[in-house]
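Me: Hey, can you walk me through this one? I'm new to this, so plain words please.

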Amino acid sequence: MHFASLSGLWFSLSIPFILVLYLLKRRYIDTEVSSHMLWRRVLREQEANRPWQRLSRQLLLLLQLLAASLLVLALMQPFIRSQQTAKSHIFFVLDASASMQTSTDHGTRLEEAKQDILTYAREEAQNRSYSLLVMKDQPELLLQRESNLSSLQAALNKVAPFYGKTNVQEALSLASALTREEFDGEVRIYTDSQWVENAEGVTFSIPVSIQEPGIQRRAGDEVTNPPENVAITQFGVKEIQDSAEYKAVAVVKNWGTVSILVKAELYADSKEIRTDSLNLKGGEQKSIYVDKLPRADVYKLQLNGKDVLEADNTAYAFPEGTGRIQAAYVGEGNLFLEKALTLAKTDILHLQKSSDGTYPLPLGLTPDLIIVDGVTESALKSEVWQRLLSSKPVWRFASAAKSDLEPQQAISASPFSIMDHPISRYIRLQDVNVAMAQTRPLKPWEKAIISSASVPLVLAATEEGIPNLTFTFSLEQSDLALRSEFPILVQNAVAWLTQHHGGNLGRMTAGDRKEIVLHPEATKAIWKTTMEGVKEEEAERNGDALSSMQTAPKLPGLYEFVEYNTSGQIVQTRLLEVVMDPRESNVNGKIESKLVFKPGSEVDAGVDRGKDISLGNTMLNPWLIVILLMLLVLEWEVYRRGHSV
């Protein structure tokens with residue numbers, strides 16, 4: 001037997017009070033005597049008025065003590081567990097948080113929960129109405145009062161794992177509100193109880209129970225082995241100062257209770273560069289330090305081993321403070337240009353002409369930018385070079401040598417015509433002299449942003465989303481490199497040419513929102529990933545314009561945020577790591593439920609309840625009331641007949 005409330009124990013103080021009343025009571029014994037001698041009467045009366053005598057057995061006293069005990073018991077609301085049929089309306093609440101992706105003997109906790117819901121509906125709750133509420137960042141009501149099992153199954157098929165921050169309190173509050181006017185319903189919550197927030201204060205007006213998938217019980221005891229999970233809690237890569245090398249640090253934790261052996265594999269871009277074996281005791285965490293890493297756009301750390309949750313086994317890191325551009329410089333070089341490139345945080349790899357008149361490829365380096373200074377197209381006509389030039393931003397400078405294929409024209413000292421463009425920002429070109437410039441027909445995608453009279457000097461173009469910049473004059477035939485504006489011009493040019501490699505967006509938890517600084521020309525953006533089976537997702541819009549507030553994708557992994565202009569050309573690409581809520585990694589972090597069920601209380605005041613609504617509990621109060629009434633009748637009969645002994 002169980003008790004719904006212990007506050008009724010205070011009334012048990014009435015029992016000793018009844019005993020005290022009987023101890024202090026004057027007792028008169030009716031006895032037949034042959035005479036009325038006064039001294040005997042007085043003597044007996046004095047003896048009868050002595051308090052604190054030993055209690056004698058009296059039927060009336062026993063009945064009153066029994067009645068008081070039953071009243072105390074009734075106030076404690078006793079009940080016994082019993083098997084009852086399902087109610088007419090079953091309100092299912094399904095937890096879809098990341099920890100529900102923990103592997104079990106029959107799939108995952110989420111898959112088992114779905115199957116348990118269907119099994120209960122088919123075997124114990126046939127011909128009932130069903131509702132389904134999913135716990136996520138915002139509770140999602142997928143089904144409401146549908147009596148068709150196929151509708152319930154279709155709704156369950158729509159439930160996908162949610163790896164972000166689950167709002168348990170809001171989901172349970174909504175479930176409570178939607179069932180407040182129920183009188184023959186029940187709430188069944190399918191969860192692993194690994195809640196990262198308390199659900200205190202949520203009161204249900206109908207019976208509520210928690211079902212834990214993946215947990216087998218025998219005689220009320222858990223017999224399943226605790227799950228084992230190892231997670232990457234931290235991972236970062238930083239550039240070593242005054243060096244072209246990088247160092248990484250990672251922290252790995254065993255959330256299980258037993259020792260586990262895992263392998264940590266480190267990748268630079270897609271190349272594996274190191275593997276570490278870690279033996280972690282239950283609850284232990286270890287740090288991994290790696291020095292002298294090669295440069296990469298992105299680093300990946302992968303855990304391999306016995307593990308029940310895959311979503312926290314992979315982490316990505318972008319080099320901190322690298323902001324440097326790798327440029328392959330094809331040509332003899334220019335001291336002023338190289339100095340300006342250094343100020344623009346550009347590392348230069350010089351490619352000198354070979355004896356056969358060709359230029360070698362930048363082996364061992366994937367350049368962000370290719371600078372072709374005074375080199376004709378014929379010197380780079382190989383198929384490999386042409387493929388590289390078509391896939392990377394290229395900055396070309398005309399040759400100072402005269403050529404019949406590339407005619408030149410003298411430039412007058414007239415003022416320059418400068419169009420509004422990111423490259424020409426803060427540029428005035430006052431007193432700059434240019435002696436000669438090439439003259440050739442412009443390609444359809446080229447646009448002259450700086451001109452002298454009718455001669456274009458600087459051409460900007462974007463071909464298939466890849467920017468290209470052309471100076472139709474040689475720096476040797478101009479004093480531009482000697483002007484104070486030249487480093488600014490180089491900075492603008494490098495920024496514009498490499499803008500599609502515009503850094504990264506860091507790390508976000510799945511489903512979180514973040515304000516992103518968009519490219520000024522961006523009118524459309526798409527989330528892209530190489531993960532199998534994951535489709536491209538269009539970025540959020542605010543009316544007709546692209547919104548700066550964006551929601552991170554819902555699946556953990558590495559994503560590209562690709563921005564396009566009105567012509568459909570890529571203007572910027574940045575990387576983002578999406579992770580699951582790290583609080584979900586503790587797959588053994590069960591929180592005891594403190595949900596409250598108050599039938600007939602102020603929660604559902606005014607609701608007409610025609611029958612007991614306790615799921616699986618048989619209340620004993622009605623029986624106690626009947627017994628108490630019978631005792632009162634018996635006590636009155638004893639008192640009426642005058643039985644005092």
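Reply: Sure, let's begin with a term: a salt bridge is a side-chain nitrogen of Lys or Arg within 4 Å of a carboxyl oxygen of Asp or Glu. With that in hand, R295, D297 and D368 are linked in a network of salt bridges. Keep in mind that this is a predicted model.

Me: Ok, and what lets side chains pair like that in general?

Reply: Side chains of opposite charge can pair when their charged atoms come close.

Me: How many salt bridges does the structure hold?

Reply: There are 16 salt bridges in the structure.

Me: Back to that network. How far apart are the closest N and O atoms of D368 and R295?

Reply: They are 3.7 Å apart, and the two residues form a salt bridge. D368 sits in the loop between β21 (346–351) and β22 (369–373), while R295 sits in the loop between β17 (285–293) and β18 (299–305), so this pair ties together parts that are 73 residues apart in sequence.

Me: Is D368 buried or exposed?

Reply: D368 counts as buried because its relative accessibility is 5%, and buried means under 20%. R295 has 28% relative accessibility, so R295 counts as partly exposed.

Me: Got another salt bridge for me? Which residue does D192 meet?

Reply: D192 meets R109, side chain to side chain, at 2.8 Å from N to O. That pair links distant parts of the chain: D192 is in the loop between β8 (185–190) and β9 (203–204), R109 is in helix α4 (residues 109–123), and they are 83 residues apart. Both D192 and R109 are buried.

Me: And what about E377, which residue does it bridge to?

Reply: E377 forms a salt bridge with R396, with 3.0 Å between the closest N and O atoms. E377 lies in the loop between β22 and α8 (383–391) and R396 in strand β23 (residues 394–397), so the pair ties together parts 19 residues apart in sequence. E377 counts as partly exposed because its relative accessibility is 40%. R396 counts as partly exposed too, at 23%.

Me: New topic. Which residues form a nonpolar patch on the surface?

Reply: L335, F336 and L482 do, with about 340 Å² of accessible area together. F336 belongs to helix α7 (residues 335–343), and F336 counts as partly exposed because its relative accessibility is 43%.

Me: How do α7 and α9 cross?

Reply: Their axes come within 9 Å and cross at roughly 60 degrees, with α9 covering residues 486–497. The two helices are therefore oblique to each other. The crossing of α7 past α9 is right-handed.

Me: Now backbone angles. What's up with the phi of S193?

Reply: S193 has a positive phi of about 60 degrees although it is not a glycine. S193 is in the loop between β8 and β9, and S193 is buried, with 2% relative accessible area.

Me: And D431, what is its phi?

Reply: The phi of D431 is positive, about 65 degrees, and D431 is not a glycine. D431 lies in the loop between β25 (416–418) and β26 (436–438). With a relative accessible area of 61%, D431 is exposed.

Me: Last one: how far apart are K286 and K253?

Reply: In sequence they are 33 residues apart, and in space 6.5 Å, C-alpha to C-alpha. K286 is in strand β17 and is partly exposed, with a relative accessible area of 29%.

Technical notes: Residues numbered from 1 in each chain as written. Predicted model: local features only at pLDDT ≥ 70, side-chain atom pairs only at ≥ 80, totals over all residues. Heavy atoms only, no water. Patch = residues over 30% accessible without salt bridge, like charges linked within 9 Å, V, L, I, M, F, W, Y side chains within 5 Å. Areas by Shrake-Rupley, 256 points an atom, 1.4 Å probe, with all protein chains shown as cover. Helix = DSSP H or I, 4+ residues; strand = E, 2+ residues; numbered from the N terminus. Buried < 20%, exposed > 50% of the residue type's maximum accessible area, 1.4 Å probe, protein only. Axes fitted to C-alpha atoms, helices over the stretch in contact; angles between N-to-C directions. Parallel < 35°, antiparallel > 145°, perpendicular 65-115°, else oblique. Left-handed = near helix turned anticlockwise from the far one by under 90°.
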